[in-house]
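Please look over the sequence and the model shown here. A short report goes with them.

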Amino acid sequence: MNDTFAPTPRPGPGFADLHLHTLFSDGTFSPEELAGHGARHGLVAMALTDHDTVEGCARMALACRKLGIQSIAGAELTAEQDGNEVHILGYFLDVEDTRLQVNLRQFQTVRQNRIHEMVARLNRLKIPLRAETVFALANCHSPGRPHVGRALVQEGFCGSLDEAFDRFLKKNRPAYVPKFKISALEAIALVHQAGGLASMAHPGLNRSDEIIPALAAAGLDGLECFHTKHTAAMTAYYLDIAARHHLLVTGGSDCHGFSKGKPLIGGCKLPAVYYDRLNQHYQAKAADRAPRAAVAAQSS
Ligand code: AMP
Ligand code: FE
Ligand code: FE
Ligand code: ZN
């Protein structure tokens, strides 16, 4: 791993936000703007977890370092288990890992093709939106439904993003296009082989708690107990599940910038003690790998 992502000392007390998006996927902040918001909220650590891309991580690391904030290179992978969509957060990723890069490029191609399909469906509904308009607005390799929604608003076909999702883009709406997804187990394996730790995102939104034991047994490292859309009771419930399955605790705001009104960053704070544990677990794993890698290099 290069120096950009070198570990820094433990943060001690305070709060972290380990679920954040930028304009490298469907967020609206640049990494620098996001880091600035984190500093204003006094965060000690932040993780960038854009959908299916790590392109913003180097800039995020630099911006955070300038502000004295620790940062984690991450991504949010869209996966599927038993027919349910499951989002897997990867933390401490080696962003230069070849297999990770190849896989992310594939996921991005799937996303780009899906934009064309969604636009074709809208066109069949007599909404003359152009794919080029969506791609110009998205201006990233990992476009998604929010970009189609924003384009619908920009071109005057919908009054708001909520209306765009409610009328066209939500599951079972006429412009919804399912996308190919890897299994949750494959996503966890992909994160691990890129040197990272895998956490299941916002379990309270997925209603697939029954798969947590199997994922934990298969190597899932963490559970996102703290999330903007989790009530206090849900957080307590998932903290209990995490303890029972020996999962690390993660959490974050899932802030996408100004795309949905007031930014969510600062509204959902992970106590830094959980970030400490995650960091320590990663350091221990990395230290365990290093001598083995050295032995492998010597014998090859
Ligand atoms: P995609 O990955 O292309 O399927 O898009 C999923 C993203 O759409 C999520 O990460 C959210 O950012 C956003 N999203 C999902 N549902 C809604 C909604 N009802 N209104 C606005 N944004 C949404
Ligand atoms: Fe999103
Ligand atoms: Fe998600
Ligand atoms: Zn997210």
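The report below covers metal sites, a sheet, cysteines and a ligand pocket in a predicted model.

## The iron site

Three protein residues serve as donors to the iron ion (ligand 3). Glu76 gives OE, His87 gives ND1 and His202 gives NE2. These donors lie 2.0 to 2.2 Å from the ion. Along the sequence the donor residues follow the spacing E-x10-H-x114-H. Glu76 belongs to strand 4 (residues 75-81), and His87 to strand 5 (residues 84-91), so this pair ties together parts that are 11 residues apart in sequence. Both Glu76 and His87 are buried.

Another iron ion is part of the picture. Ligand 3 and the iron ion (ligand 2) are 5.9 Å apart.

## The zinc site

The zinc ion (ligand 4) is coordinated by His19 (NE2), His21 (NE2), Glu76 (OE) and Asp254 (OD). The distances run from 2.0 to 2.2 Å. Glu76 therefore appears in two donor lists: that of the zinc ion (ligand 4) and that of the iron ion (ligand 3), with both ions as named in the model.

What arrangement do the 4 donor atoms around the zinc ion (ligand 4) make? Their angles span 79 to 168 degrees, which makes the arrangement irregular. For comparison, four tetrahedral donors would ideally stand at 109.5 degrees.

The zinc donor residues are spaced H-x1-H-x54-E-x177-D in sequence. His19 lies in strand 1 (residues 15-20). Asp254 lies in the loop between strand 9 (248-252) and strand 10 (270-271), so the pair of His19 and Asp254 ties together parts that are 235 residues apart in sequence. Both residues, His19 and Asp254, are buried. The iron ion (ligand 2) is 4.6 Å from the zinc ion (ligand 4).

## An open sheet

Strand 1 also takes part in a sheet. Here 4 strands form an open sheet, in the order 3-2-1-10, with mixed pairing. Strand 3 (70-73) and strand 10 stand at the edges. Each has a single partner strand, so one side of each is left without a neighbour in the sheet.

Strand 1 and strand 2 (residues 45-48) run parallel and are joined by 3 bridges. Ala16 stands opposite Ala45 in strand 2. In general, strands of a sheet pair through backbone hydrogen bonds.

## Cysteines

How many disulfides does a search of the whole structure find? The count is 0. Cys64 is in no disulfide, and its nearest cysteine sulfur, that of Cys57, is 10 Å away. Cys64 is buried, with a relative accessible area of 0%.

Cys158 is in no disulfide either. The nearest cysteine sulfur to Cys158 belongs to Cys140, at 20 Å. Cys158 counts as buried, at 6% relative accessibility.

## Around ligand 1

Which residues come nearest to ligand 1? Of the 12 residues around this ligand, they are His51, Arg114, Arg145, Lys179 and His256.

Polar side-chain atoms of several residues lie close to oxygen atoms of ligand 1, as these distances show. For Arg114, an N or O atom of the side chain is 2.9 Å from an oxygen atom of ligand 1. His256 places a polar side-chain atom 3.0 Å from an oxygen atom of the ligand. For Arg111, the distance from a polar side-chain atom to a ligand 1 oxygen is 3.1 Å.

Methods
Residues numbered from 1 in each chain as written. Chains lettered and ligands numbered in written order. Predicted model: local features only at pLDDT ≥ 70, side-chain atom pairs only at ≥ 80, totals over all residues. Heavy atoms only, no water. Donors = N, O, S within 2.8 Å, 3.2 Å for Na, K, Ca; no water. Helix = DSSP H or I, 4+ residues; strand = E, 2+ residues; numbered from the N terminus. Buried < 20%, exposed > 50% of the residue type's maximum accessible area, 1.4 Å probe, protein only. Tetrahedral: all angles 85-135°; square planar, octahedral: opposite > 155°, others 65-115°. Pairing = 2+ DSSP bridges. Disulfide = S-S within 2.5 Å. Near = heavy atom within 4 Å. Polar contact = N/O pair within 3.5 Å; in protein donor to acceptor, adjacent residues only side chain to side chain.
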